[in-house]
Amino acid sequence: MEIEDKIIEEERLAIINYKGNVEDMGILIAKLLSWAEANKVKVVGSPFSIYFTSPQNTKPDEMVYDIGIPVSKDTELSEEGEIKVVELLEHRVISIIHKGSYETLSESYKEMVEYSIKHDYDIIGSPKEIYINSPHEVQEEELLTEIQFPVIKMWVFLSFYHFKL
């Protein structure tokens with residue numbers, strides 16, 4: 001798959017901050033979708049997760065991540081309760097569409113890191129996985145997951161830093 005540099009427009013997100021096993025995601029997504037339906041909130045994209053810990057060095061029940069859904073811009077912001085509605089500002093990412101099992105996502109992560117080094121990108125935040133389809137809809141080998149790394153171009157950062165001196 002091809003890695004792409006793109007700008008993500010400002011978006012409104014309904015999220016649950018969670019500490020626990022990633023296998024709990026299905027339950028959490030169902031909870032978000034039920035909340036959206038009950039509150040007449042329009043879902044405008046696929047479910048996603050943003051990881052704050054890595055499965056390579058974190059026990060499964062110690063994983064920390066946000067699970068969320070993009071919602072319409074007219075959804076009221078809220079920091080109350082288990083489900084929060086937040087605004088994510090416009091930002092640049094490098095992105096790849098991974099096709100296949102969730103078990104092989106690490107291959108695409110490795111490719112993204114290598115690409116970022118080779119093309120002078122500085123990764124400035126946590127990775128986001130967008131689940132374009134689900135194991136309930138397609139066979140495992142047909143799963144599509146978009147992986148995004150928030151980035152800046154290293155030369156932009158260095159130019160700014162040099163200019164400030």
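The legends below describe views of a predicted model of one protein.

**View 1. Secondary structure of the protein.** The predicted model contains 3 helices and 9 strands. From the N terminus onward, these elements follow the order β-β-α-β-β-β-β-α-β-β-β-α. Two strands thus come before the opening helix of the pattern, and a helix ends it.

**View 2. Overall dimensions and packing.** The C-alpha trace spans about 50 × 35 × 30 Å along its principal axes. A radius of gyration near 15 Å would be expected for a compact globule of 165 residues, and the 17 Å of the protein agrees with this. Of the 165 residues, 39% are buried. Among contacts with a separation of 6 or more, 75% are between residues 24 or more positions apart.

**View 3. Surface and charge.** About 10300 Å² of the protein is exposed, and carbon and sulfur atoms supply 55% of that area. The side chains include 16 positive and 31 negative ones. The centres of these two sets lie 4 Å apart.

**View 4. Confidence along the chain.** The mean pLDDT of the protein is 92. A value of 70 or more is reached by 93% of the residues. Confidence is highest in strand β4, residues 64-71, where the mean is 98. Helix α3, residues 154-164, has the lowest confidence, with a mean of 54. Helix α3 is also the element that closes the pattern along the sequence.

**View 5. The loop around K40.** K40 lies in the loop that connects helix α1 (25-38) with strand β3 (48-51). Its phi is near 55°, a positive value in a residue that is not glycine. The relative accessible area of K40 is 77%, so this residue is exposed, the cut-off being over 50%.

**View 6. The loop around D120.** D120 is located in the loop between helix α2 (105-118) and strand β7 (121-123). D120 is not a glycine, yet its phi is positive, at about 60°. With a relative accessibility of 45%, D120 counts as partly exposed, because this value falls between the limits of 20% and 50%.

**View 7. K40 and D120 shown together.** Both residues have positive phi without being glycine, with K40 near 55° and D120 at about 60°. Each is in a loop that runs from a helix to a strand: α1 to β3 for K40, and α2 to β7 for D120. K40 is exposed, whereas D120 is partly exposed.

Terms used. Residues numbered from 1 in each chain as written. Predicted model: local features only at pLDDT ≥ 70, side-chain atom pairs only at ≥ 80, totals over all residues. Heavy atoms only, no water. Helix = DSSP H or I, 4+ residues; strand = E, 2+ residues; numbered from the N terminus. Rg over C-alpha atoms; globule rule 2.2 N^0.38 Å. Buried < 20%, exposed > 50% of the residue type's maximum accessible area, 1.4 Å probe, protein only. Contact = heavy atoms within 4.5 Å. Areas by Shrake-Rupley, 256 points an atom, 1.4 Å probe, with all protein chains shown as cover. Lys, Arg positive; Asp, Glu negative; His and termini not counted. Charge placed at Lys NZ, Arg CZ, Asp CG, Glu CD. pLDDT = per-residue confidence, 0-100.
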